[in-house]
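Thank you for letting me take the next few minutes. I would like to walk through one structure with you slowly, and please keep it open in front of you while I talk.

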Amino acid sequence: MGDERERLLRKNKFQRSISYAQDELQSFRSWLRWMCVDQSTISTACLSWSVFILLAIAVPVMSHFLLACSSCDAKHRRPYDSVVQLSLSSVAVLSFLCLSRCIRDYGLRRFLFFDKLRDESETVRKNYTDQLNRSMKILSLFVLPCFAAEATYKIWWYSSGRSRIPFFGNVYVSDVIACMLELCSWLYRTSVFFLMCVLFRLICHLQILRLHDFARVFQVESDVEAVLKEHLRIRRHLRIISHRNRVFILFALMIVTASQFASLLSTTRSHADVNIFTAGELALCSMTLVAGLLVLLRSATKITHKAQAITCIAAKWHVCATIDSFESNDPADTPRIQIGGVTPRPFPSRANDESDGSEAGDEEDDVDNTRLIPAYANSTISFHKRQALVIYFENNRAGISVYGFMLDRTSLNTIFMIEMSLVLWLLGKTIGIS
């Protein structure tokens, strides 16, 4: 009896998380099929792995060894091709394996937290669905400029050096096929890497929407127990996001760092030939990897900052309620103490602050702002309950973490200082900067 009940529970859980052909992920799933990363069926999985092996591994290896062009002139030599191919293939392999594992283990709906949207407000559901529809546009903004620059370079490289570049059979047909394969390989590897980064940004955006929705509970009559339960649910989802993406974030940081140091070491050697023709592709590769890494780190630190800003809101909520309770208990004719015969000057009214609201820009929102909380929302909650909730927020900070290391602004400063120290050390070893 117990086994049958457990089997039914697993079946119901699977039915809630499975993707359907006509759901809100229909257009997104079609994009995944066009990118050859959809693995929802056996046929699409076989196609996905075949394209991955061809464009992420086979084509870069053949390009590096068969098109070395050691007899070419200075403009057509590729002294940094090994760094470029190894860097792009490494991040593509990492992204593809992480994406395949997540979709295989959780399904597309669960991985993107669409199975949790039924418990959210209409505003959160609508904004998250709109953000999903914008994700592919954001992906195109990152991929297409890089691809256009790479296509320009490859077309020039093959057209201007066709008689010196190794070819098989007809020189024109061989160059066209090789150029198309290299461009497809570049497009595939950068697209898979940016796809994983954009999906992580999308998931983090959902949690930011939920935090904005959660911050409004302090503006209305709310029970402390209900507030605590909702915050625990948000913390649990942040922990799930951290657990699912920590391998990708950590190895992406390591691969991009290693790639940048390899590029720096290669270009600062005494006999290195650095110009737009030989090192242009290396610079483009470096900008691509750094841009993807910045998307990851910015998304993680932004959601961590928003989650930790809840503590400030709770403390402000507690202060406003405490002040209101004392003012309501004081008699209206209570005399004010004058120090040194001088009447204390009241603080400026709030209207003066509201006139400066436009200068704050996008820095203020429902989570992080300097507005007072209306006192009517706090009248029925006791001081001790509010104090206990504030202490809980102070000692249970939420956010994205990687193996216990919280990704906040302090951690970004730490990463930047470590990388800068290594850069200066490497430059000291190569060109003598001390």
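I will go through the empty spaces first, then two helices, and then the cysteines.

Please bear in mind throughout that what you are looking at is a predicted model. Let me begin with a general remark: rolling a probe the size of a water molecule over the atoms shows where empty space is left.

When the whole structure is searched in this way, three cavities of 30 Å³ or more are found, and the largest cavity holds about 50 Å³ of space. Which residues line the largest cavity? They are V59, P60, S63, Q85, E150, K154, E182, S185, W186, R189 and E281, and if we sort them by class we get three nonpolar, three polar and five charged residues. Three helices, namely α3 (42-66), α5 (122-160) and α6 (171-215), each give at least two residues to this lining, with α6 providing the largest share, which is four residues.

Since α6 has come up, let me stay with that helix for a moment. Helix α6 is 45 residues in length and spans 65 Å from its first C-alpha to its last, which is close to the 66 Å expected at 1.5 Å a residue. As for its surroundings, α6 is mostly covered, with 34 of its 45 residues buried.

The second largest cavity holds about 40 Å³ of space, and around it you will find R78, P79, Y80, D81, V84, Y153, T278, E281 and L282. You may recognise E281, which also belongs to the lining of the largest cavity. Here the classes come to five nonpolar, one polar and three charged residues. At least two lining residues come from each of α4 (81-111) and α8 (276-329), and α8 gives the most, with three residues.

Let me turn now from the cavities to the largest pocket, where about 450 Å³ of space lies. Its lining is made of 18 residues, and those closest to the centre of the pocket are V290, L293, I415, F416 and E419. Helix α8 appears again here, because α7 (224-267), α8 and α12 (409-430) each supply at least two residues of the lining. By class, the lining of this pocket has 13 nonpolar, three polar and two charged residues.

The other helix I want to show you is α11, which runs over residues 383-395 and therefore has 13 residues, reaching 19 Å from its first C-alpha to its last, close to the 18 Å expected at 1.5 Å a residue. Which residues of α11 are buried? They are R386, L389, V390, Y392 and F393. These five cover an arc of only 155 degrees around the axis, and so they sit on the same side of α11. On the face turned away from that buried side, α11 carries the exposed residues H384 and N395.

Finally, the cysteines: how many disulfides are there? The count comes to zero. If we take C285 as an example, the nearest cysteine sulfur belongs to C146 and is 9.8 Å away, and C285 is in no disulfide, a disulfide being a pair of cysteine sulfur atoms within 2.5 Å. With a relative accessibility of 1%, C285 counts as buried, whereas C46, at a relative accessible area of 48%, is partly exposed.

Thank you for listening.

Notes: Residues numbered from 1 in each chain as written. Predicted model: local features only at pLDDT ≥ 70, side-chain atom pairs only at ≥ 80, totals over all residues. Heavy atoms only, no water. 1 Å grid on protein atoms, 1.4 Å probe; cavity = no way out; pocket = protein on both sides within 12 Å on 5 of 7 lines; lining within 4 Å. Points joined across faces, edges and corners; volume = space filled by probe spheres on them. Nonpolar A, V, L, I, M, F, W, Y, C, P; charged D, E, K, R; others polar. Buried < 20%, exposed > 50% of the residue type's maximum accessible area, 1.4 Å probe, protein only. Expected span 1.5 Å × (residues − 1). Arc of directions from axis to C-beta.
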